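Trainee: I'm new to this one. Could you walk me through a few of its details?

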Amino acid sequence: MTYRIPHDNHVLVLGAGELGECMLREMAAQRDAGRVASVAVLLRPESETSSDRRTRLHSALRTWRIDVVEADLVTADETALADIFRRYTQIICCTGFVGGPGTQRKITGAVLKAGVAHYIPWQFGVDYDVVGRGSGQDVWDEQLDVRDMLRAQDKVRWTIVSTGMFTSFVLLPAFGLVDLDAGVVHALGDPDFSLTVTTPQDIGRLTALIAASRPDFDDRVVHVASDTFTYRELASTLTQELGRPFTLSCCDIAQLRADLAAHPDDTMRKYRLSFARKDGVAWPVAQTFNAKAGIAVTDLAAWVREWRAGQEA
């Protein structure tokens, strides 16, 4: 991989949530390896109240020697954000969808207005080009708007990292893919449809390598994956790793559409329908950046073992 001259690569990571914290740790490692010049994080201005997580986060930021910049991505306008962004050569967005509709378009507009050299937008999910518009999940259409904005210009270089679903969603009760108590995997659409998943730790490590190795991945969609499996394989893995049987139940697309029609504002129902497809939400691990580069990742079985150990601790 190609590495830029460190003195001209100043990185700003937007957000320090689950993924942002992993990204910051890995970008600090790239800086310490001499591959980027500096790393900063943009956080919302703090209130006078404290929290254990905020205290722990700031302790980690001091340890990693990461500067903190304060701004509210929700309330700040595009011009104000551009004034901050133009101090940096690379922006990595780790904010997710918490800012509400339009926030990712606004952030992208500010990056373009600032003329940042390279941008990695919040696209850590499915392959939106393949999925297309009208998936049932409104925020996915906005992801395509961001891609259109980036492809319509030639001043700011960009890299999109497609990761599939966060691995933790597999067992997230609110998502409803797995009923742990009943021992049931609810296949979305078809038992032989596949899912690609990636852990936040793997996303942070792989994206940091991609970010530091410009211009190898400029103006490209790069696919990564911790694992890809069918719903049948998911049930088999859970049976093996948790030591009890898991059966398979299929939620066909008609049923998922009816569920959403009855609860049109339910975000998780939108996600379940959007993932019920045979393309765009999964890709072979062998074709990913990490597999081609020989980088070890945490597959589903290993992640389930770690999850189980945490539950038993």
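Mentor: Sure, and keep in mind that we're looking at a predicted model. Let's start with a pair of helices: the axes of α8 (residues 231-242) and α12 (residues 300-312) come within 10 Å.

Trainee: How are α8 and α12 oriented to each other?

Mentor: Look at the angle: their axes cross at roughly 45°. Angles under 35 degrees would count as roughly parallel, and 65 to 115 as roughly perpendicular. The crossing fits neither group, so α8 and α12 are oblique.

Trainee: And what is the handedness of the crossing where α8 passes α12?

Mentor: Follow α8 as it passes α12. That crossing is right-handed.

Trainee: How many nonpolar residues does the contact of α8 with α12 have?

Mentor: On the α8 side you'll find L234, T237, L238, E241 and L242. They meet L300, A301, V304, R305, W307 and R308 in α12. Sorted by class, the contact has 3 charged residues, 1 polar and, for the nonpolar ones, 7.

Trainee: Switching to cysteines, how many disulfides does a search of the whole structure find?

Mentor: A pair of cysteine sulfur atoms has to lie within 2.5 Å to count. For C94, the nearest cysteine sulfur is that of C93, 6.8 Å away. For C251, the nearest is that of C250, at 6.6 Å. Across the whole structure, the number of disulfides found is 0.

Trainee: Is C251 buried or exposed?

Mentor: Buried means under 20% relative accessible area. C251 has 13% relative accessibility, so C251 counts as buried.

Trainee: What about C94, buried or exposed?

Mentor: Use the cut-off of 20% again. Because its relative accessibility is 7%, C94 counts as buried.

Key:
Residues numbered from 1 in each chain as written. Predicted model: local features only at pLDDT ≥ 70, side-chain atom pairs only at ≥ 80, totals over all residues. Heavy atoms only, no water. Axes fitted to C-alpha atoms, helices over the stretch in contact; angles between N-to-C directions. Helix = DSSP H or I, 4+ residues; strand = E, 2+ residues; numbered from the N terminus. Parallel < 35°, antiparallel > 145°, perpendicular 65-115°, else oblique. Left-handed = near helix turned anticlockwise from the far one by under 90°. Contact = heavy atoms within 4.5 Å. Nonpolar A, V, L, I, M, F, W, Y, C, P; charged D, E, K, R; others polar. Buried < 20%, exposed > 50% of the residue type's maximum accessible area, 1.4 Å probe, protein only.
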